[in-house]
Amino acid sequence: MEEVCEGKDFSFPSQEEHILSYWSQIDAFKGQLARTQNLPEYIFYDGPPFATGLPHYGHILAGTIKDIVTRYQSMTGHHVTRRFGWDCHGLPVENEIDNKLGIKRRDQILEMGIGKYNEECRSIVTRYVGEWEKIVTRTGRWIDFKNDYKTMDLKFMESVWWVFDQLYQKGLIYKGFKVMPYSTGCKTPLSNFEAGENYKSVPDPEIMVAFPIVGEPDNAAFVAWTTTPWTLPSNLALCVNANFIYVKVCNKYSGKIYVVAESRLSELPTEKPKSSNSANVPSGDSKKSKSKGTSGEKTKDSAADSFEVLEKFSGASLVGKKYEPLFNYFLEFSDAAFRVIADNYVTDDSGTGIVHCAPAFGEDDYRVCIGNQIINKGENLIVAVDDDGCFTGKIADFSGLYVKDADKDIIEALKAKGRLVKLGTFTHSYPFCWRSDTPLIYRAVPSWYVWFVRVEQLKEQLLDNNKQTYWVPDYVKDKRFHNWLENARDWAISRSRFWGTPIPVWISEDGEEVIVMDSVEKLERLSGAKVFDLHRHNIDHITVPSARGPEFGVLRRIDDVFDCWFESGSMPYAYLHYPFENIELFEKNFPGHFVAEGLDQTRGWFYTLMVLSSALFGKPAFRNLICNGLVLAEDGKKMSKRLKNYPSPLEVINDYGADALRLYLINSPVVRAETLRFKKDGVFGVVKDVFLPWYNAYRFLVQNAKRLEYEGSALFVPIAVTVLQKSSNVLDQWINSATQSLVHFVREEMDAYRLYTVVPYLLKFLDNLTNIYVRFNRKRLKGRTGEEDCRMALSTLYNVLLTSCKVMAPFTPFFTEVLYQNMRKVSDGAEECIHYCSFPQEEGKRGERIEESVTRMMKIIDLARNIRERHNKPLKTPLREMVVVHPDEDFLDDITGKLREYVLEELNMRSLVTCKDTLKYASVRAEPDFSVLGKRLGKSMGAVAMEVKAMSQEDILAFEKAGEVTIASHCLKLTDIKLVREFKHPDGVTDKEMDAAGDGDVLVVLDLRPDESLFEAGVAREVVNRIQKSRKKAGLEPTDMVEVYFESLDEDKSVIQQVLNSQENYITDAVGSPLLSSDSMPLHAVLICEEIFQGIYNMSFKIRLVRPALVFKESAILALYAGNSKFALGLQIYLESRDHYCLKSEFQLGHGKIKVDCIENLPAVEVVLGEHVFLTVGDYYLTARNSC
């Protein structure tokens, strides 16, 4: 190995550049693919980004996740093809060209020519491909840019055609009107998930409009409420709820008569006697009216005062009534339209309980008008708004006006007609186009779209397929995505745009003949034309002769193109050009193994993948999915180029390296679908806390390996792993085990796709490597214990570093390569690139016990150092004795055995002893947390505080173990009570002679005197520990009462009996009841659990857990019945049949007495607790002992 520089001189970004050059030199990515070519395939789907912008941290995050997983899978024995993909079609591209060319209207594109427009779009699609490749490659991601796929490629588009044809053949495609969210800015309908991307709180006009009822002698009018006045010229019906009560009311001042829902009467405007300046102005026309919720109680009262109720009737009775239309634009529909219909979608939480229906501009409007024959399904619905959102000539008075701009003119026209009842402003959340940022409208458009014939049946299939997938985090799958699938609706896949994959439907002029093209070959065969590109301008002119003969003319393609989500949802098939190529590859490996994208894709790509795969194959498209959250700027706002509130990715990489950025992103909540506030300092923290310690351990290895050469010894060659595993050195055993634990943990977490758990574990591992293994083994590593031992230690360190590099290679591809390239020089047959290596397997048995013991040893050392510092006792001053207090016998054995020399040497102690009695050297008191409890308990705080402070040591320990305690009927948790531990000096010992420190687990005592009571306390602690474990094993709750019976299995029972006698109070307090002799267990006792324990301080015993059993004083019970044994037996049987808890409660309520008068043919008697019966054997035992 070559010498390496100090950590302060090591430039991570520069070294990464060198590695990039090396990878390029050996063509590393291609080499990895070649080496794994014959291994099982691992199929990864790369969601295609748009190439019209530069990559940001969201792309880098998703790319890092994908790179880590695919590198790992490649190292674990899979062939992982990774092809970059580009989303080339759709609104982002068209919108950019529209802005570039100043295009505002659809007809401008037609005038320009679709061909010229599409080629303009094509020209910008790959504008940033070079920058993308540069940044993605610099982040360390291995992916094929040369063999990428583009959604605008002929092969990809052909497979999309095939997908559509399959759906068509399955009856899942139909043509019809659909009211959809429509972007007037982009002149195209949007899918429901696109429509939900950009909601804003905006003010809109809210108006109430009068619709005079035909044939009403009193000129009554229906009143409807709307926030979209622009839809009123297209009104064809009014809708009520048949179940509501409606009222006809007369305004006491104006005489106007209105019909509204009774529950909404308060929303009508109040009117006062007319004055000279109020003529022709509706009383509700006030700018003070801001929203539908401003009426308040006063308005309700005044509305009731202003109107007289003339008549009440059901909504059902209004159905069929005709009314006078607002405008004369649709008089041709008069026979069927302008009448009242009913539907339950009408609610009484807003408006008037009467909804105006314009079927061309509302989903429910369209549905109820079809259902009530206002219009007929299949007929050409008149949509009086063009693609630009302007009124057509059909609406003569407002022709050419943009609908939102026409609101004020329509309101003025209604006012002039005397139809305006109320005018105000309504602020609500309204959808805007995510691309053009213009308000959406709902508009009926003829559309080809996926139609799930059996919606309920297919919905169940979608939900079932979702269950077959594995998501990280799982709540996104089980909640967000599940809910979206639960409400799955027909998906409109057509767009009336230009730059996209054309929908492959050719139709005859009379509409009777339809051909769906599933391939280029079919189109060429039927048309006789040569096809070289599938975009509109290259195929729209192609016609197909009618199969019915020349007299029927030709078939022409419909104008629409696919929603680009349909293309990306087809990606699993189209990127392979399936089914035209790669049939075996696809069919053997579908569903794909892995996808990863952001949380927003639950309604986007993840959804379209699931829908199409379920429709085509009845399967999910993927098996495993990682869903990441959003990366925000440090201030919590969205990253903005305009605000410049974040550093550029290349700036961060050039300062700290791509590996540091990768680990920073992965070790954050964003990998759990939460948000991350990006901080550049956080990336520096990764360098400081992860990479520098890692590098220093590596440098120490190299330094001492080179030292062997300088001292004239043989070159350093690492000893075989099989030999290292047999090392007798405890720290070799420990670090080997810890390394195997690292391998096990990372494999386990990576197989579960939990990337975010790996970095914290690595941090702890590196800390242990540098601060325990290297620090405590300096003498060995430096050769002071002999060359053989030195080579064993260096080889162990080498193996640990090499293994950890291989484990972390998917996460930090650059740094691990740097270390590997130097380390492989002393290993024959090593691969030329770390990413060609197999991922480490677990070798040998892990020593979980020694790993835990070493962790505790480090706690002990830290605590002892703290004591020394408090007493100004430097490490160079030897101390006589150290006591380690802990209940775990195995740990104490390790501390006094294998690890003893390290502890004594590190702390300069003469002697080390252990203790299992945690109360011997410390007391604990309880203090109520007033800041938590004060507000909650109120006046009870004082009484509760007194009881908390009065808790005994045993009470506190029981509370700490149970996690809660009930005091004065209040249940208190660990967060409610502060436990203050204080060192308890033995009598006659000052704090200068003995002191302690603990961390809640281990207590370290520095003392000059030994403690001879360790043995008995230790045994008692073990007995209690075994009892508690038996309780847990039996599934008992802390509140469950049991009696514990103990039986010694030793020949000499005197030793354990002496321990039980001396520790009786401790055991009773800890267990909650006395430890009973097994020969005192009643025959009728119910056994819960029985366990034998052996080798506890060289003693063996049996523990039985038994339900509390009653003990009767038979002579006293006989006396109750004057010696009648039959009666006495009847009483005992009755008491034994009672629920123990209820019986105990009755005795408590009766102050130790109960009256039994319910036994048939037995006289009533009074039973006294402690005189006639005992509730437990323990009670009987204590009473009997105290009476002696």
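This note walks through selected contacts, rings, cysteines and strands of the structure above.

1. **Status of the model.** The model is predicted. Every value below should be read with that in mind.

2. **Salt bridges overall.** The structure holds 63 salt bridges. Three pairs and one network are picked out here.

3. **Arg-35 and Glu-832.** These two side chains form a salt bridge, with an N to O distance of 3.7 Å. Arg-35 belongs to helix H2, residues 28-35. Glu-832 sits in the loop between helix H29 (813-823) and helix H30 (848-870). The two residues are 797 apart in sequence, so the bridge ties together parts that are remote along the chain. Buried or exposed? Arg-35 is partly exposed, at 43% relative accessible area. Glu-832 is partly exposed too, at 30%.

4. **Lys-404 and Asp-204.** Here the salt bridge spans 3.6 Å from N to O. Lys-404 is in the loop between helix H11 (363-371) and helix H12 (407-417). Asp-204 is in strand E5, residues 199-212. The partners are 200 residues apart, and the pair links distant parts of the chain. Lys-404 is buried, with a relative accessible area of 18%. Asp-204 is buried as well, at 9%. Because the cut-off for buried is under 20%, Lys-404 qualifies with its 18%.

5. **A second contact for Lys-404.** The charged end of Lys-404 also sits over a ring. That ring belongs to Tyr-430, and its centre is 4.6 Å away. Lys-404 therefore has both a salt bridge to Asp-204 and a place over the ring of Tyr-430.

6. **Lys-394 and Glu-332.** The closest N and O atoms of this salt bridge are 2.7 Å apart. Lys-394 is in the loop between H11 and H12. Glu-332 is in the loop between strand E11 (307-314) and strand E12 (339-342). The pair ties together parts that are 62 residues apart in sequence. Lys-394 is partly exposed, at 29% relative accessibility.

7. **A salt-bridge network.** Which residues are joined through shared partners? Asp-46, Lys-66, Arg-141 and Glu-597 form one network of salt bridges.

8. **Aromatic pairs.** The structure holds 64 aromatic pairs. One of them is Tyr-149 with Phe-156. Their ring centres are 5.7 Å apart. Their planes meet at 5 degrees, so the pair is stacked. Stacked requires planes under 30 degrees apart. Tyr-149 is buried, with a relative accessible area of 3%. Phe-156 is buried at 2%.

9. **An aromatic cluster.** Ring pairs also build a cluster. Its members are Phe-10, Phe-12, Phe-691, Trp-694, Tyr-695, Tyr-698 and Phe-815.

10. **Arg-138 over Phe-814.** Another charged residue lies over a ring face. Arg-138 is 5.6 Å from the ring centre of Phe-814.

11. **Cysteines.** How many disulfides are there? The count comes to zero. Take Cys-1142 as an example. The closest cysteine sulfur to that of Cys-1142 is in Cys-1158, 13 Å away, which is too far for a bond. A disulfide needs the two sulfur atoms within 2.5 Å. Cys-1142 is partly exposed, at 38% relative accessibility. Cys-1158 is in no disulfide, and the nearest cysteine sulfur to its own is that of Cys-1142.

12. **A three-stranded sheet.** One open sheet has three strands in the order E12-E7-E13, with mixed pairing. The edge strands are E12 and E13 (355-357), and each pairs on one side only. From one strand to the next, the twist averages 35 degrees. Strand E7 covers residues 237-240 and pairs with E13 in the antiparallel sense, over three bridges. Within that pairing, where does Ala-237 find its partner? Its bridge partner in E13 is Cys-357.

13. **Pro-647.** This proline is in the loop between strand E26 (631-632) and helix H21 (649-656). Pro-647 is buried, with a relative accessible area of 18%. The C-alpha atoms of Pro-647 and Asn-1124 are separated by 95 Å. Along the chain these two residues are 477 apart.

Technical notes. Residues are numbered from 1 along each chain as its sequence is written. This is a predicted model: local features need pLDDT of at least 70, side-chain atom pairs count only at pLDDT 80 or more; totals for chains, interfaces and linings use all residues. Side-chain values use heavy atoms; hydrogens and water are left out. A salt bridge is a side-chain nitrogen of Lys or Arg within 4 Å of a carboxyl oxygen of Asp or Glu. Helices (H or I, at least four residues) and strands (E, at least two) are DSSP runs, numbered from the N terminus. Buried means under 20% relative accessible area, exposed over 50%, partly exposed in between (1.4 Å probe, protein chains only). Rings of Phe, Tyr and Trp (its six-membered ring) pair if their centres lie within 6.5 Å; planes under 30 degrees apart count as stacked, over 60 as edge-to-face and the rest as tilted. A charge sits over a ring if NZ of Lys or CZ of Arg is within 6 Å of the ring centre and within 35 degrees of the ring normal. Two strands pair if DSSP finds at least two bridges between them. Axes are lines fitted to C-alpha atoms, for helices over the stretch in contact, and angles run from 0 to 180 degrees between N-to-C directions.
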